[in-house]
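The exercises below are meant to be worked with the sequence and the 3D view side by side. Try each task before reading its solution.

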Amino acid sequence: MHTGGQFLRAYVERHNTPPVHNLITFGSQHMGIADIPLCRPFDVVCALARRAALRGVYTDFAQRQLVQAQYFRDPERLEQYLAASGFLASVNNERVEERNATYKANFESLNRLVLVLFLKDETVVPKESSWFGAYAVPEDGEGALEKTVVPMRMQPLYREDWIGLRTLDERGAVVLETCTEEHMVLTDECWQPLVRRFVGSEMAESVVVQS
C-alpha cells in the first residue's frame with residue numbers, strides 16, 4: 001500500500017517551500033485505513049499475522065517501525081488512535097491540544113486539490129478515505145454490524161475546518177475524481193485527462209502523487 005499522497009500533503013501542511021500549487025493524489029488514505037485486506041480462504045498463516053497486526057497496531061513499536069500503523073484509524077478504538085498515532089492524527093489536526101494553525105494556512109494556499117478514488121479499491125478500507133471519508137465512530141462503543149461511511153463534508157475535520165479542507169472546497173478548489181479500476185491500476189483514460197487539466201501551465205505548477 002503506497003502512502004505518497006499523505007506524505008505530500010504533510011509536506012504542504014508542514015513546509016511547502018518550495019510551494020505546491022496543485023496537488024493530485026491517487027487512492028490516498030487521507031482519513032487512514034480501518035482494516036487490513038482480508039486473507040485468501042484457508043490461509044491460516046496470513047490470518048494469524050493479520051490478527052496480530054490488528055491487535056498491536058497502536059503499540060509504540062508498531063508506530064515507530066511500521067508505516068501502515070501510522071495511518072491505521074480504527075473508529076472502534078478512536079481514543080487509542082488519537083493517543084498513539086505517530087503521523088495521521090497530527091497531519092489531520094485531530095488532537096485538539098496540538099492543533100497547528102500553520103498546517104491549515106499552508107493547505108489553504110493550494111490552487112487545486114484533486115482527490116482520485118479507485119472504484120474497485122479493496123486495498124484502502126474504506127476506499128472513500130481517498131475523498132476524506134471514514135467509517136462512522138460507533139456511538140455505544142460496541143461496534144456496528146454494518147459499517148457506515150461518513151463522507152468528507154460530514155466529517156468533523158471538514159465541518160470545523162481543522163486543516164483548511166472546507167475553505168478549499170468552498171472556494172471551489174477541491175476536485176473529486178474516480179478511476180474505475182483497483183487500487184493503483186492507472187489506465188491512460190484515468191490519469192491523462194487529469195494531467196492535461198492540472199499539470200504544466202505557468203498558472204498551475206503541480207505535484208502529481210500516485211497514492
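The model is predicted, and its secondary structure amounts to 9 helices and 6 strands.

**Exercise 1. Describe the protein as a whole: how many of its residues are buried, and what share of its contacts is long-range in sequence?**

Step 1. The chain has 211 residues, of which 45% count as buried.

Step 2. Among contacts with a separation of 6 or more, 64% are made by residues 24 or more positions apart.

Step 3. The exposed surface comes to about 11,200 Å², and carbon and sulfur atoms supply 54% of that area.

**Exercise 2. Find the disulfide and state which elements it ties together.**

Step 1. The count of disulfides is 1, and the cysteines that form the pair are Cys179 and Cys190, whose sulfur atoms are 1.6 Å apart.

Step 2. Cys179 belongs to strand E5 and Cys190 to helix H9, so the pair ties together parts that lie 11 residues apart in sequence.

Step 3. As for solvent, both Cys179 and Cys190 are buried.

Step 4. In general terms, such a link is a covalent bond between the sulfur atoms of two cysteines.

**Exercise 3. Examine the loop between strand E5 and helix H9: is His183 buried or exposed, and which side chain does the side chain of His183 contact?**

Step 1. Place the residue: His183 sits in the loop that runs between strand E5 (174-179) and helix H9 (188-198).

Step 2. Its relative accessibility is 11%, and because buried means under 20%, His183 counts as buried.

Step 3. The side chain of His183 makes a polar contact, at 2.9 Å, with the side chain of Asp121.

Step 4. Met184 is found in the loop between E5 and H9 as well, and with a relative accessible area of 18% Met184 is also buried, since the cut-off is under 20%.

Step 5. The backbone of Met184 deserves a look too, for its phi is near 65°, a positive value in a residue other than glycine.

**Exercise 4. Locate Ser85 and work out what surrounds this residue.**

Step 1. Ser85 lies in the loop between helix H4 (78-84) and helix H5 (88-91).

Step 2. At 4% relative accessibility, Ser85 counts as buried.

Step 3. The side chain of Ser85 reaches the backbone nitrogen of Leu88 at 3.3 Å.

Step 4. Leaving aside residues up to four places away in sequence, Ser85 touches Gln63, Gln70 and Arg95.

**Exercise 5. Search the backbone for further unusual geometry: where are the cis peptide bonds, and what is the phi of Asn93?**

Step 1. Begin with the general expectation that most residues other than glycine have a negative phi and that most peptide bonds are trans.

Step 2. The peptide bond from Thr17 to Pro18 is cis, with omega near 0°, and Pro18 lies in the loop between helix H1 (4-14) and strand E1 (22-26).

Step 3. Another cis peptide bond joins Val125 and Pro126, with omega about 0°, and Pro126 is found in the loop between strand E2 (112-118) and strand E3 (134-135).

Step 4. Asn93 is not a glycine, yet its phi is positive, at about 55°.

Step 5. Asn93 is found in the loop between H5 and helix H6 (101-108), and with a relative accessible area of 1% Asn93 is buried.

Key
Residues are numbered from 1 along each chain as its sequence is written. This is a predicted model: local features need pLDDT of at least 70, side-chain atom pairs count only at pLDDT 80 or more; totals for chains, interfaces and linings use all residues. Side-chain values use heavy atoms; hydrogens and water are left out. Helices (H or I, at least four residues) and strands (E, at least two) are DSSP runs, numbered from the N terminus. Buried means under 20% relative accessible area, exposed over 50%, partly exposed in between (1.4 Å probe, protein chains only). Contact means heavy atoms within 4.5 Å. Accessible areas come from the Shrake-Rupley method with a 1.4 Å probe; for residues, only the protein chains shown count as cover. A polar contact is a pair of N or O atoms within 3.5 Å; within protein, one must be able to donate a hydrogen and the other to accept it, and residues adjacent in sequence count only if both atoms are side-chain atoms. A disulfide is a pair of cysteine sulfur atoms within 2.5 Å.
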